Amino acid sequence: MKKNDLYKVNNLAHALPQGKSSCVTLGCLLILLFCETAQAQVKGIKQEIDSVVVNKGLLQIVTDNKSDGGMYVFFDFDNQNTGELINDGELHVFKNYNNDGTVRFTADDIVKNKRVINSTGTTFFSDLYVKQLITGNAVSDFQNVVFNNMSSVVPFDLTTTIRVGNESRFENGIINALDSKARVIFNQYASAVNAGDHSFVDGMVVKSGDTEFEYPIGNNLYYRPLIVGASAGQNAYVSQYFFKPSEYLTRDKDASILELNSAEYWEISRDSGTDKIILGLTLNSSTTPSHFLNLNPDQQLAIVRWDSRNNLWVNEKGSAEESTNPNFSNLMMGEVEGPGIFTVAIVKKTVQPQDVEVFNAISPNGDGVNDTFHIAGIDKYPDNSVEIYNRWGVKVFETKSYNESDNVFTGYSDGRATVTRGEKLPTGTYFYILRYNKEGNGIEKSGYLYINNQ
């Protein structure tokens with residue numbers, strides 16, 4: 001990042017009236033640097049100056065009731081290794097950003113397993129004309145971050161790690177995060193909002209914690225999210241999407257797999273944790289081969305994983321459902337053994353035993369019709385288990401020895417994950433996994449269950 005010594009600010013406190021403290025509390029601060037021959041104008045107007053705002057000290061941005069709590073930087077912003085930026089207000093960056101020091105916000109409190117948000121700090125990366133570099137040797141911790149740059153289709157180059165505490169909003173612009181040091185990390189309670197073809201992360205995204213998450217990832221110009229469900233423990237998964245054939249495409253596969261998706265795949269690794277994954281892969285007619293969305297009667301889709309231990313593609317099963325989400329046409333969901341390389345495959349349709357029949361809709365309104373999740377014939381196999389997940393992989397019900405009398409699902413959460421126990425579940429589509437023992441053979445069925453709780 002080029003610096004012009006004439007306009008370097010060693011400590012942003014020097015630009016303001018001095019007090020007894022080296023910390024600067026900013027209500028609404030507009031940072032503009034001028035030179036005699038160039039002009040710098042406000043918000044998104046193209047600049048003709050190559051200067052830099054440098055922080056070497058302690059800078060704090062806060063929001064109060066009398067102002068917007070905003071700091072606007074229209075030049076390259078450089079937080080050096082001695083600099084500490086605490087953003088509890090609004091930081092608007094209109095050119096390049098570099099952090100070699102500390103960037104953080106006032107941390108949230110956790111009270112009785114509930115989060116108390118202490119900071120509304122938001123960092124905006126915005127412009128109409130100029131692409132932006134987001135660089136640095138240190139991790140930047142943002143409570144909230146907004147990407148909104150309309151200078152090009154891919155206006156952001158990320159070559160560092162940023163970490164989100166609460167929300168990342170994708171307004172405009174794809175984030176090129178293909179550099180080896182680039183990562184976007186979402187903490188336990190963080191979420192990604194508004195991602196789509198217009199704005200996503202092209203690179204590695206990490207989610208920490210035990211909550212469900214839709215990874216805002218894609219490649220080329222396509223948003224291709226992946227969903228990992230909530231887990232019982234603390235896990236950290238790293239995910240990336242590739243719009244190209246896997247290097248293992250031509251390798252061996254198990255006998256049930258007829259054809260692998262040769263156009264795309266997802267790679268998932270685990271930084272921590274040991275839990276199995278409830279995984280959702282999305283299909284889109286823009287990237288997924290068209291015949292995968294128009295199957296023959298004797299075919300079905302399945303999630304498949306590259307098993308590097310056995311050098312084999314394995315069928316992880318799962319169930320497909322058409323989607324009304326504009327970002328994908330179909331959703332494949334299933335429980336998989338662990339991380340790896342995943343794609344969708346066409347497999348032979350499984351002929352299920354007819355001694356147990358699953359009815360995939362309930363309307364628990366007390367009228368005596370379809371009030372419970374009906375599994376006809378399950379009473380003959382008391383050695384069984386039933387799990388039900390919502391669309392985001394959150395487990396809302398789990399039991400053993402399911403039957404048709406006193407151990408049934410009635411459309412309420414049993415509270416063993418992140419949904420409050422005894423809470424009436426919202427109307428929508430859910431995913432079930434049924435396992436039972438028949439004469440010493442383990443049988444598994446999975447599919448979608450529609451709950452009408454209106």
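**Notebook: a chain of strands**

I began with the secondary structure, and I found that the chain has 0 helices and 42 strands. I note here, before going further, that this is a predicted model.

Next I looked up how the chain as a whole is packed. Buried residues make up 53% of its 454 residues, and the chain exposes about 20900 Å², of which carbon and sulfur atoms supply 46%. I then turned to the contacts between residues at least 6 apart in sequence, and I read that 59% of these join residues at least 24 apart.

**Entry on one sheet**

I picked out an open sheet formed by 5 strands, whose order is E23-E26-E30-E34-E33 and whose pairing is antiparallel. At its edges I found strand E23 (213-215) and strand E33 (319-322), each of which pairs on one side only. From one strand to the next, the twist averages 20°. I reminded myself that strands of a sheet pair through backbone hydrogen bonds, either parallel or antiparallel. I then followed the edge strand E33 to its neighbour, strand E34 (residues 330-336), and I counted 4 bridges joining the two, which run antiparallel. In one of these pairs, Ala 320 has Met 332 in E34 as its bridge partner.

**Entry on two loop residues**

Which sign does phi take at Asn 311 and at Ser 401? I checked this while keeping in mind that most residues other than glycine have a negative phi. For Asn 311 the angle is positive, near 50°, and for Ser 401 it is also positive, near 55°. Asn 311 sits in the loop between strand E31 (299-307) and strand E32 (312-315), whereas Ser 401 belongs to the loop between strand E40 (395-400) and strand E41 (428-438). I classed Asn 311 as partly exposed because its relative accessibility is 44%, and I classed Ser 401 as partly exposed because its relative accessible area is 37%.

**Entry on Asn 384**

Ser 401 led me to Asn 384, since Ser 401 is among the residues that Asn 384 touches. I located Asn 384 in strand E39 (residues 384-389). Is Asn 384 buried or exposed? I wrote down buried, because its relative accessibility is 5% and the cut-off for buried is under 20%. Leaving aside residues up to four places away in sequence, I listed its contacts as Ile 378, Thr 399, Lys 400, Ser 401, Tyr 402, Arg 435 and Tyr 436. I also noted that a polar atom of the Asn 384 side chain lies 2.7 Å from the backbone oxygen of Tyr 381.

Technical notes:
Residues are numbered from 1 along each chain as its sequence is written. This is a predicted model: local features need pLDDT of at least 70, side-chain atom pairs count only at pLDDT 80 or more; totals for chains, interfaces and linings use all residues. Side-chain values use heavy atoms; hydrogens and water are left out. Buried means under 20% relative accessible area, exposed over 50%, partly exposed in between (1.4 Å probe, protein chains only). Contact means heavy atoms within 4.5 Å. Accessible areas come from the Shrake-Rupley method with a 1.4 Å probe; for residues, only the protein chains shown count as cover. Two strands pair if DSSP finds at least two bridges between them. Axes are lines fitted to C-alpha atoms, for helices over the stretch in contact, and angles run from 0 to 180 degrees between N-to-C directions. A polar contact is a pair of N or O atoms within 3.5 Å; within protein, one must be able to donate a hydrogen and the other to accept it, and residues adjacent in sequence count only if both atoms are side-chain atoms.
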